[in-house]
Amino acid sequence: MKKVYLLLVLAMAAGISSCKKNNYAEGTLSPIIAVVDLRAIYKGSDVVLNSSNMGGAKEIVGVVISNAAAGNSPAGVLVVQNNRRNAVRGISLEIGSAAANYVPGDSVIVQVDGATLTKVNGSMRVKGLTETSVSKVADNRPIKVQSVPSATLLASPDVYEGTLVTIAKAVTDPEPQQGETYAGDKTLNDGFGKITMHTEANAAFASTELPFSANFTGIPFAVTSGTDTRLQLWPRTIDDVFTLAATKPSPIIITGYLTNPSGSDGNYEYIQFKATKDIDFSVTNYAVVTCNNAGTNPAPANGWAQGLAKTYKFNLTSGTVKKGQFFYVGGNKNIWGKGSTDISSSNWINSTMYAEIPGADFGNVTTNLLANSGNVAGIAVFSGTTVTASSVPLDVIMYGGGGTVYSAGPPEIGYRITNTDYYSTINPVTRTDQGFYGGGTNTSKLTLPTDGLFSQLGGVYDALTGRWVTGRTVTSVTLTLTSPISTIETATGVTMVQN
């Protein structure tokens, strides 16, 4: 009986405690709402902002990113962004001519209680504000600039609208005519999609000559045309555009690889390439280096020339290939491991039994030339057969997981990169040099290959300009013991060379 009574008392106590918890809120509600939460209040129609729908808040804080005085901003609009709740978001504020009183880097507090959250021509903004709604509290505050591929930008308009972004290594499409200026709408192509860049006729730089290739920074604004709403990039000043030098075309590009053939990997992995011009390898030599970074070892001090178990090198010193033709480097000439289709009739420039023979100049024998799990791995092509820690590749791809492959130093060490669809030797945000994978913005990598499938890197390469008109993406191609070579050479989505 005592036990039953004790249990009843405990149950009642728990119930009372539970009731108190549900009816009592500790702490004070914040007067500030994050921009990410403010934008989420809009559900398709105008909303008058108040403490109820803003969770007790009445103001936002942020850093000004627009430059209304320069003339390339929607009239009377001040744009601020903040990074709260681990989300960088921006919002446009209608404050009339007072918008010209602010410059990028000004830190402001904005009283939005009683204002209206709306959309104007597809672009979200807060209206019903006055000059006194905004208070400047500091200046020269740092501004976060995000480097975003155009495809990502267009796929997530609500994430990036009203923030400061850079579209790296883009070209104006079509190529601008001599004397063509910024004024109006221009199409930018970064190899991952196309986006419109808009410049008002009265912008300070509207009459400046338009470059062919550049890193274009600006604020994306949504614009509605009929039933279609799309983002446009609005540069703020001419300093938002960083003109790039022409890219030197690579004679060889990486187009695919098999990391995990049927049965044993040893001597059956291979890499597929495509030539962008006619090559006689006996006259003009090249080298191919793979890296496998299994384990937790430190970054390679000698980069692609590290050797041992890290990197393995093939020299390309004989044979020929025509422009637009595939060729192969690897072990046995089988499409999918031992006993599979013999593809020796394809153009093999180097077939080395790497599980038994060390690499040319460096690289231990290995049964896993191309990693198929774990840490990041890569493939690089070099001009000539001498590869050192300072050698810069002609083309390079990295794929897979993580691992320690880069150290900022000093000295800076790791795997060097070049200008490709995924990597840039100039940081598009800071405009400083960045020459290594893992350094600066050079963190992109292709997905880990699907086990047992061929990784086809589809893209379109312009042999005249050295640009990836369409960036490479991975398609996993299913192979069998009887698959013909056409499965990986003529299927939809193989890499194409134009010009």
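Two strands pair if DSSP finds at least two bridges between them; helices (H or I, at least four residues) and strands (E, at least two) are DSSP runs, numbered from the N terminus. The model here is predicted, so local features need pLDDT of at least 70, side-chain atom pairs count only at pLDDT 80 or more, and totals for chains, interfaces and linings use all residues. Residues are numbered from 1 along each chain as its sequence is written, and side-chain values use heavy atoms, with hydrogens and water left out.

**Exercise 1.** Work out how many bridges join strand 19 to strand 24, and which strands stand at the edges of their sheet.

*Solution.*
- Start with the pair: strand 19 (residues 286-292) and strand 24 (residues 377-383) run antiparallel and are joined by 7 bridges.
- Pick out one position: opposite valine 289 stands alanine 380 of strand 24.
- Now widen the view: the open sheet has 4 strands in the order 20-19-24-25, with antiparallel pairing.
- Strand 20 (311-316) and strand 25 (395-399) are at the edges; each has a single partner strand, so one side of each lacks a neighbour in the sheet.

**Exercise 2.** Classify the ring pair of tyrosine 406 and phenylalanine 436, and say whether each residue is buried or exposed or partly exposed.

*Solution.*
- Recall the rule: rings of Phe, Tyr and Trp (its six-membered ring) pair if their centres lie within 6.5 Å; planes under 30 degrees apart count as stacked, over 60 as edge-to-face and the rest as tilted.
- This rule gives 18 aromatic pairs.
- For tyrosine 406 and phenylalanine 436, the centres are 6.2 Å apart and the planes at 45 degrees, so the pair is tilted.
- For accessibility, buried means under 20% relative accessible area, exposed over 50%, partly exposed in between (1.4 Å probe, protein chains only).
- Tyrosine 406, at 22%, is partly exposed, whereas phenylalanine 436, at 5%, is buried.
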